[in-house]
Amino acid sequence: MREKERPVFISVSPFTFSFPFTALASIAHRITGVLLFLGIGYLLWLLSLALESEAGFAQAAAILAAPFAKIVLWVVLSMLIYHILAGVKHLLLDFHIGDTFEAATAATYAVVGLSVVLALITGAWIW
Amino acid sequence: MVTNVTSLTRSGLSDFVLQRVSAVLLTLYTLCVVGFFLVNPDMDHATLKAYFASTPMLLFSTLMVLSTAAHAWIGMWTVGTDYIREHYFGRHHTFFRLVYQGGCLFILFVYVVWALQLFWSL
């Protein structure tokens, strides 16, 4: 009997399995995508107000003066930054650019790091 | 072979390409709009309206509305077919998935009509 070659069952659940950093970055791309589906509505609402009239522009500015509205805008823009950067990385991998294990892992750290930096700059810009 | 009647092009390969082409266009559009806000720190209504009302931006925005619809549908469809299946949702999973897809289509329809009406009435 070759017992050692029997397949091993690994339960893929967040409670029993620690996901590698790249897997978390991958699911974050998907989660930000789904949330941006709703975030588009928020951006479109603000843009439609600002484009409508002088009064509408003032109204949009007044809405964005509230801390909660600023936080929502910052979250939506930060998710957009991450979704775009992770998408660019994905597109490069599609063209087999940097698709070795080491390069792709390094690129994932670069995407997350750059996203954090750009999100902080965006936050400073909003406030 | 399972035929997916609700996927955008009914071909995974075409959806794959469309997802990426629309992604590139949406990224370029985002850079254009963000860049415009960055060079105009003291934004006012007239400046913003003149920018979006210009013919190149009107055409670009229209293309973006269509790209968003395609990109979002393919993405939401993929997520829906990945998670709303029998293993998680039981016997009536097809019903739940159709409700979810219907909801996504409704929201996208509102976005498309709202955005096109907004840009073309400037």
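The following is a chat between a biologist and a modeller about a predicted model with a chain A and a chain B.

Biologist: How many residues does each chain put into the contact?

Modeller: On the side of chain A there are 24 residues, and chain B brings 30 residues. Between them the two chains bury about 2,300 Å², and 78% of that area falls on carbon and sulfur atoms.

Biologist: Which residues in chain A lose the most area to chain B?

Modeller: Those are R30(A), F37(A) and L51(A), which together account for 32% of what that side buries.

Biologist: And how many salt bridges and polar contacts run between the chains?

Modeller: The count between chain A and chain B is 2 salt bridges, and there are 8 residue pairs in polar contact, with both residues of a pair at pLDDT 80 or more. As for where the side of chain A that touches chain B comes from, helix 1, helix 2 and helix 3 (67–94) of chain A each supply at least two of its residues, and helix 1 of chain A gives the most, with 14 residues. By residue type, that side divides into 15 nonpolar, 5 polar and 4 charged.

Biologist: Back to the salt bridges, which residue does D82(B) pair with?

Modeller: D82(B) forms a salt bridge with R30(A), and the closest N and O atoms are 2.7 Å apart. The pair joins two chains, because D82(B) lies in helix 3 of chain B and R30(A) in helix 1 of chain A. R30(A) is also one of the residues in chain A that lose the most area to chain B.

Biologist: Are those two buried, partly exposed or exposed?

Modeller: D82(B) has 30% relative accessibility and so counts as partly exposed, and R30(A), at 25%, counts as partly exposed too.

Biologist: What about R20(B), which residue does its side chain meet in a salt bridge?

Modeller: The side chain of R20(B) meets that of D94(A), at 2.4 Å from N to O. This pair crosses between chains, going from R20(B) in helix 1 of chain B to D94(A) in helix 3 of chain A. D94(A) has a relative accessible area of 26%, so D94(A) is partly exposed. As background, side chains of opposite charge can pair when their charged atoms come close.

Biologist: How many salt bridges are there over all chains?

Modeller: The count over all chains comes to 2 salt bridges, and the count between chain A and chain B is likewise 2.

Biologist: Changing topic, which residues touch the most other members in the largest nonpolar core?

Modeller: That core has 31 residues, and L51(A), Y29(B), L48(B), F52(B), M57(B) and F119(B) touch the most other members. The elements giving two or more residues to the core are helix 1 (21–52) and helix 2 (54–63) in chain A, along with helix 1 (12–39), helix 2 (45–53), helix 3 (55–83) and helix 5 (93–120) in chain B. Helix 3 of chain B gives the most, with 9 residues. In general, nonpolar side chains tend to be buried together in soluble globular proteins.

Biologist: Which residues does F52(B) touch?

Modeller: Leaving out residues up to four places away in sequence, F52(B) touches L47(A) and L51(A) in chain A, and Y29(B), V33(B), M57(B), L58(B), S61(B), F119(B) and L122(B) in chain B. Another core, of 9 residues, lies apart from the largest one, and its members include L46(A), A69(A), L77(A) and M79(A).

Biologist: Where is T108(A), and what does its side chain reach?

Modeller: T108(A) is found in helix 4 (residues 101–126) of chain A, and its side chain reaches the backbone oxygen of A104(A) at 2.8 Å. Because its relative accessibility is 3%, T108(A) counts as buried. Not counting residues up to four places away in sequence, T108(A) touches F21(A), T22(A), A25(A) and K89(A).

Biologist: And T47(B), which residues is that one in contact with?

Modeller: Setting aside neighbours within four places in sequence, T47(B) is in contact with F36(B) and N40(B). T47(B) is found in helix 2 of chain B and, at 27% relative accessibility, counts as partly exposed. T47(B) and F36(B) are 11 residues apart in sequence, and their C-alpha atoms are 10.0 Å apart.

Biologist: Last one, what is the phi of H96(A)?

Modeller: H96(A) has a positive phi of about 60 degrees although it is not a glycine. H96(A) is found in the loop between helix 3 and helix 4 of chain A, and it is exposed, with a relative accessible area of 61%.

Technical notes. Residues numbered from 1 in each chain as written. Chains lettered and ligands numbered in written order. Predicted model: local features only at pLDDT ≥ 70, side-chain atom pairs only at ≥ 80, totals over all residues. Heavy atoms only, no water. Core = buried A, V, L, I, M, F, W, Y, C linked by side-chain atoms within 4.5 Å. Buried < 20%, exposed > 50% of the residue type's maximum accessible area, 1.4 Å probe, protein only. Helix = DSSP H or I, 4+ residues; strand = E, 2+ residues; numbered from the N terminus. Contact = heavy atoms within 4.5 Å. Buried area = accessible area lost by both parts, 1.4 Å probe. Salt bridge = Lys/Arg side-chain N within 4 Å of Asp/Glu carboxyl O. Polar contact = N/O pair within 3.5 Å; in protein donor to acceptor, adjacent residues only side chain to side chain. Nonpolar A, V, L, I, M, F, W, Y, C, P; charged D, E, K, R; others polar.
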